Amino acid sequence: MIERANLEIFAETLLELAKKDKNIIVVTSDSRGSGKLTNFGKELPEQIIEVGIAEQNLVGICAGLSAVGKKVFGVSPSSFLTARSLEQIKNDIAYSNHPVTLVGISAGVSYGQLGSTHHSIHDIAVLRAINNIDIIIPADNFETREAIKSAVNYKRPLFIRFGKKPMMNLHTSNHNFKIGHGIKLKSGNDLVIVSTGETVNRAFKACEILEKLNINCTLISMHTIKPFDEDILLNSLPKAKGVLTIEEHSVSGGLGEKCASILSQKNIHLPFKIIGFPDEYMVNGSQNDVLDYYNMSPEKISEIAQKMIK
Amino acid sequence: MNTKELQLKSIDYRKTILEIIYNGGAGHTAGSLSCIDILNVLYNKILKINPENFDDYNRNHYIQSKGHSVEALYTVLCDINFFSKEDLLSLNKFKSHFIGHPTKKVPGIEHNTGALGHGLSVAAGMAIGFKLDKINHNVYTLLGDGELSEGSVWEALLSANKYGLDNLVVIIDRNKLQITGKTEDVNPIEPLMDKFNSFGLSTREVDGNSVQELNEILSSTPFEKNKVSLIIANTVKGKGISFMENEVVWHHKVPSEEQYNLAQKELEKLKININND
């Protein structure tokens with residue numbers, strides 16, 4: 001069933017929570033429209049701070065608000081938030097240890113034809129290398145809602161990354177969301193597929209194609225990149241014939257390289273493949289076109305998976 | 001504490017700054033000497049921050065955006081009993097918390113700074129937070145003049161003005177030098193007052209090495225309702241030591257034994273002069 005955009009769920013959940021807690025403050029950089037926060041601004045004008053197109057200032061102000069007891073959500077396009085303001089994230093949030101939640105909206109290649117200035121395919125890598133900030137990338141509406149609820153009273157600096165396309169719900173009522181613990185969406189012995197964020201949807205559809213061919217995969221939604229759930233990955237491996245990772249991010253420094261690093265340091269040698277964006281002048285197109293071009297269509301994922309286990 | 005006591009304290013602070021830099025083998029000597037009178041007046045007359053109230057954020061705050069002059073800050077925090085002189089003398093030693101830029105590992109430090117152009121946004125965020133809660137405390141921040149080349153400073157001023165932060169006091173340590181040379185040669189910032197005024201701030205200019213002038217001006221904030229108070233504190237880099245004053249080389253230079261002894265003697269002499277006044 002196709003649900004709504006994670007971004008809408010984020011904005012709606014935050015508004016619900018903020019109505020009950022006036023210490024929740026949202027800071028935007030001319031980004032309330034793109035962050036689906038127009039309604040928040042209308043209903044709780046006292047709880048939204050607008051700094052204009054000034055992402056460095058946004059992050060600094062978030063740190064200051066947090067220092068005087070506010071529960072702060074800084075919302076800005078992920079591309080600008082995590083590149084232009086990286087030094088503010090490093091020093092004013094992470095190093096200074098303010099439990100601010102930074103929300104990178106329209107991440108990955110969500111902005112499609114707007115091009116590389118607006119794409120954010122570096123954010124996981126750069127923030128993985130910053131000490132003392134955690135990273136969450138929800139896959140669907142359920143993970144989004146739970147992530148925001150968990151973020152409000154989270155005691156550490158946090159980055160949450162969203163795309164903006166409607167997402168199919170992947171979870172049953174049995175699933176539990178806990179920061180730092182991946183969720184196993186499917187269990188199978190042929191291949192372990194690990195993905196994060198919106199590409200989990202594509203991986204899920206790929207698994208369904210594979211199931212028709214009698215190939216059964218374990219699919220992990222690794223919604224938390226930091227701290228990383230090594231156990232869920234390692235516990236899935238014993239019977240697997242390989243590991244495939246899929247992310248809407250550069251192949252450098254993202255989910256795939258994190259998994260590879262864990263496996264190689266544990267001396268686990270299995271067929272291994274990372275699907276992500278290569279280091280090249282990227283093709284232009286809609287988010288869908290770009291993801292398909294770089295092997296992230298369900299069909300292409302299933303083809304790659306089949307080759308891996310042959 | 002009267003003016004004379006403050007003046008004597010400034011000299012003692014200068015002696016300590018030189019001592020810890022000489023002992024630690026590194027430090028931002030001249031910039032610490034230019035801003036120490038400002039910190040003296042802030043911590044001894046204005047801020048009312050002490051080890052007892054520090055953990056409660058409902059109080060005044062001070063963010064040192066020009067983090068490199070940390071030796072001045074450590075010296076004052078030591079004097080108001082945040083830590084011992086022994087701790088202070090561990091500056092730059094292996095595993096010491098007392099490093100070359102402010103870190104919250106050191107008691108009394110509010111925010112980690114060192115990369116320039118960060119402090120003003122953080123201070124503005126705190127001031128906005130107090131406004132939202134209608135809490136009547138001020139936030140003070142000290143910026144260097146070389147730091148004003150950072151674009152984020154001006155982003156922060158736009159927001160501070162927008163939110164009418166009359167609980168925010170911005171002090172510029174205008175010592176007119178930076179590591180390469182004169183600010184006006186490296187990247188001219190004058191006419192500085194015109195720039196600040198055009199941003200809608202309420203501005204004043206003082207002799208930033210006069211504790212009396214500093215006390216008067218810092219006691220009279222906000223200068224105007226709903227406006228940020230900004231003070232250009234005209235200072236002398238290396239202030240108090242004849243051979244360091246206005247000499248660009250002392251930005252991050254450690255005195256030799258001979259220079260150190262000479263500097264301490266000059267400060268002793270200044271102390272005697274003030275005592276005889």
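## The seven-stranded sheet of chain A

Two strands count as paired here if DSSP finds at least two bridges between them. On that footing, this predicted model holds an open sheet of 7 strands in chain A, ordered β3-β2-β4-β5-β7-β6-β12, with mixed pairing. At its edges lie β3 (48-50) and β12 (224-226) of chain A, each of which pairs on one side only. Direction ignored, neighbouring strands of this sheet are turned by 20 degrees against each other on average.

Let's look at one pair within it. Strand β5 (residues 101-105) of chain A runs parallel to strand β7 (residues 158-161) of chain A, and 4 bridges link them. Here A:L102 has A:F159 of β7(A) standing opposite.

## The five-stranded sheet and its helix

Chain A also has an open sheet of 5 strands, in the order β9-β11-β10-β13-β14, again with mixed pairing. Its edge strands, β9 (183-186) and β14 (272-277) of chain A, each pair on one side only. The average turn between neighbouring strands of this sheet is 20 degrees, direction ignored.

Helix α8 (residues 199-212) of chain A packs on this sheet, where β9, β10, β11 and β13 (243-250) of chain A are touched by the helix. The direction of α8 makes about 170 degrees with that of β11(A). As for β11 (residues 217-221) of chain A, 5 bridges join this strand to the parallel β10 (residues 191-195) of chain A, and A:C217 in β11(A) stands opposite A:L191.

## A helix in chain B

Over in chain B, how many residues does helix α10 (residues 257-276) have? There are 20, and the helix reaches 29 Å from its first C-alpha to its last, close to the expected 28 Å. α10(B) is hardly covered: the count of buried residues among its 20 is 1.

Technical notes: Residues numbered from 1 in each chain as written. Chains lettered and ligands numbered in written order. Predicted model: local features only at pLDDT ≥ 70, side-chain atom pairs only at ≥ 80, totals over all residues. Helix = DSSP H or I, 4+ residues; strand = E, 2+ residues; numbered from the N terminus. Expected span 1.5 Å × (residues − 1). Buried ≥ 20, exposed ≤ 12 C-beta atoms within 10 Å, placed from the backbone. Axes fitted to C-alpha atoms, helices over the stretch in contact; angles between N-to-C directions. Contact = placed C-beta atoms within 7 Å.
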